[in-house]
Amino acid sequence: MAGDPTRRIDLAKIHIAAKQLHLDEDVYRSIVRRVSAKFRGTPVESSGKLNARERAALISELTSFGFKVAPPRKRNPNWIETRDLHLRKLLALWGELARTGEMKDSSKAALRRFVNRATGKDAIQWLSPEECNKVIEMLKAWRKRLDGAEAEAVVSDDAL
């Protein structure tokens, strides 16, 4: 199945292994052919045509040649998943306010504290869309107050 995440992960490992081992196309295809011949009557040359058992055998074969699977990277504790549109908007507003220079602390830790005071949640990833909208509206109001203060400053400068 094309949408199977295990298949995608296996194929990624296989292609990373081929690159890591500096296998040219002919050598790579011959290895795939040899491994697939152990499981089926007609061998294939494409790792995409292998089933899960054959892919596992191919990864094992490539590992025996010296392929090393890298451990998963540790994420920064301040890392925030930004695929969610609500969170992207929230982060954009926070960044916009930070660029104005009006914030004393514009770090991710400060954002977490702000969100915690507004919603009681310790991380913005845990916000529901409704809670996220609440924080977004608070940031918009903050931005509007800053825009109003700038407008007053321009008016008072023009009066001189």
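In this predicted model, the axes of helix α1 and helix α3, the latter spanning residues 52–64, come within 10 Å of each other and cross at roughly 25°. Because angles under 35 degrees count as roughly parallel, α1 is described as roughly parallel to α3. The crossing of these two helices is left-handed. On the side of α1, the contact is made by Arg 7, Asp 10, Leu 11, Lys 13, Ile 14 and Ala 17, while α3 contributes Arg 55, Leu 58, Ile 59 and Leu 62. Sorted by character, the residues of this contact comprise six that are nonpolar and four that are charged, with no polar ones among them.

If we now follow the chain onward from α1, which covers residues 5–20, we come to a loop that leads to α2, residues 25–37, and in this loop lies His 22. Most residues other than glycine have a negative phi. The phi of His 22, however, is near 55°, a positive value in a residue that is not glycine. This residue has a relative accessibility of 72%, and because exposed means over 50%, His 22 counts as exposed.

Beyond the loop, within helix α2, we find Ser 36, and here one may ask whether the residue is buried or exposed. Its relative accessibility is 0%, and since buried means under 20%, Ser 36 counts as buried. When its neighbours within four places in sequence are left aside, Ser 36 is in contact with Pro 43, Val 44, Leu 50 and Glu 54.

Note on methods
Residues numbered from 1 in each chain as written. Predicted model: local features only at pLDDT ≥ 70, side-chain atom pairs only at ≥ 80, totals over all residues. Heavy atoms only, no water. Helix = DSSP H or I, 4+ residues; strand = E, 2+ residues; numbered from the N terminus. Buried < 20%, exposed > 50% of the residue type's maximum accessible area, 1.4 Å probe, protein only. Contact = heavy atoms within 4.5 Å. Axes fitted to C-alpha atoms, helices over the stretch in contact; angles between N-to-C directions. Parallel < 35°, antiparallel > 145°, perpendicular 65-115°, else oblique. Left-handed = near helix turned anticlockwise from the far one by under 90°. Nonpolar A, V, L, I, M, F, W, Y, C, P; charged D, E, K, R; others polar.
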